[in-house]
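Work through the exercises below with the structure in view. Try each task before reading its solution.

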Amino acid sequence: MKPLSIKDIAKKANVSITTVSFILNGKAEKMRISQEMIAKVEKIIKELGFKPNQVARSLRTGNTKTIGLIVEDISNPFFASIARLIEDKAYKHGYKIIYSSTENNLDKARGLIKMFKSRQVDGYIIAPMVGMEEDIRELLTDRTPVVVFDRNLPGLEVSSVLIDNVEGAFLATQFLIQKGKKNIAFVNVDVEVKQIKDRFTGYEKALKASKIKADPNICKLIPFSNTAEETTNDLIDFFTANPQIDAVLFGTNYLAVRGLFCFKEMNKKIDKDFKVIAYDDHDIFQLHSPSISAVEQPTEEIADQVISLILKGLTISESFEEQQLNKVVLSSRLIER
Ligand code: RIB
């Protein structure tokens, strides 16, 4: 049987092909098509089992078989390894990936979305930053598949692959407590997203569970905009001012690496009297002497889930509405070294 076409829908609804196309593209309101007409066409689409998603997309853009991947910093080993895994998996399904970094700069992030739009990518995979909400909503309104990962933004209803950061930081802090530590510092990046702040919640929760009072003086936020050298210097100042610290949880991999530089410069030993654990694993932590314990995020699984959700969005087997909300939350793993 000949597959249904947009022409069939237009004929049945007794409207023009352009009208159906605007409705499929989510542009009906903008084009001042009445609510009754939208409802009528949508009813026919549903009744006939027409798959609007693929048609809408091909009408709008054609299919470029490319996916835009936007992360905070592609040179960060966490994002780099996920990007590489995503690239391999996408390639197996006939898609190519175009990468870019926001560097937590909203103008840059918006410019990237514009650039990807002009390149007519078929879908977007984004580790978003605050302020991108409207841009992402626009993509969704335009029926373009979007999957966010690592972070989501308040009020943004989009498919996501996230990590239980509270649990991860809880495990890391509990590990230090079990080593007898009482003055556990927490060093995190000042990125304003819940998933990063959740690491602090996990830290606090573990302290509370062991009846250790959290000391705000030994919780330190490091600006994302810092240079590596500024971060090392901030950390040297912090650890010098707080000699009581007997252990530290670094909230991200690159801060832990800077921490190791700082301890080297301070001649501060990592041993039974001073423990270090990092959120995110890194080859350096394994090589370092002594080796450094870490909370490992399941990068392979993150990439798998992200790819399967975006492919779901790019296929014709489900209606767009059904594809919209898939929320995956994964656990991280404590690596004791
Ligand atoms: O800098 C990398 C870190 O930022 C990772 O922990 C990742 O989860 C991200 O949000």
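**Exercise 1. Find the residues that surround the ligand.**

Solution. Count a residue as near if one of its heavy atoms lies within 4 Å of the ligand. The ligand is then surrounded by Asn 76, Phe 78, Phe 79, Asp 150, Arg 151, Ile 196, Arg 199, Thr 252, Asn 253, Tyr 254, Asp 280 and Gln 297. Next, sort this shell by type: four residues are nonpolar, four polar and four charged. Here Asp, Glu, Lys and Arg count as charged; Ala, Val, Leu, Ile, Met, Phe, Trp, Tyr, Cys and Pro as nonpolar; the others, Gly among them, as polar.

This is a predicted model, where local features need pLDDT of at least 70 and side-chain atom pairs pLDDT 80 or more, while totals for chains, interfaces and linings use all residues. Residues are numbered from 1 along each chain as its sequence is written, and side-chain values use heavy atoms, leaving out hydrogens and water.

**Exercise 2. Find polar side-chain atoms that lie close to oxygen atoms of the ligand.**

Solution. Look for polar contacts (pairs of N or O atoms within 3.5 Å). Start with Asp 150: a polar side-chain atom lies 2.4 Å from a ligand oxygen. For Arg 199, the distance is 2.7 Å. For Gln 297, a side-chain N or O atom is 2.9 Å from an oxygen of the ligand. Now turn to cover: the ligand alone exposes 280 Å², and the protein buries 99% of that. These areas come from the Shrake-Rupley method with a 1.4 Å probe.

**Exercise 3. Which helices each supply at least two residues of the shell, and between which domains does the ligand lie?**

Solution. Take the helices first (DSSP runs of H or I, at least four residues). Helix H5 (77-92), helix H9 (194-209) and helix H11 (253-266) each supply at least two shell residues. Then take the domains, whose bounds come from an automatic or database assignment. The chain divides into domain 1 (6-61), domain 2 (66-163 + 300-332) and domain 3 (165-296). Domain 2 and domain 3 both give residues to the shell, so the ligand lies between them.

How values were computed
A residue is near a molecule or strand if one of its heavy atoms lies within 4 Å of it. A polar contact is a pair of N or O atoms within 3.5 Å; within protein, one must be able to donate a hydrogen and the other to accept it, and residues adjacent in sequence count only if both atoms are side-chain atoms.
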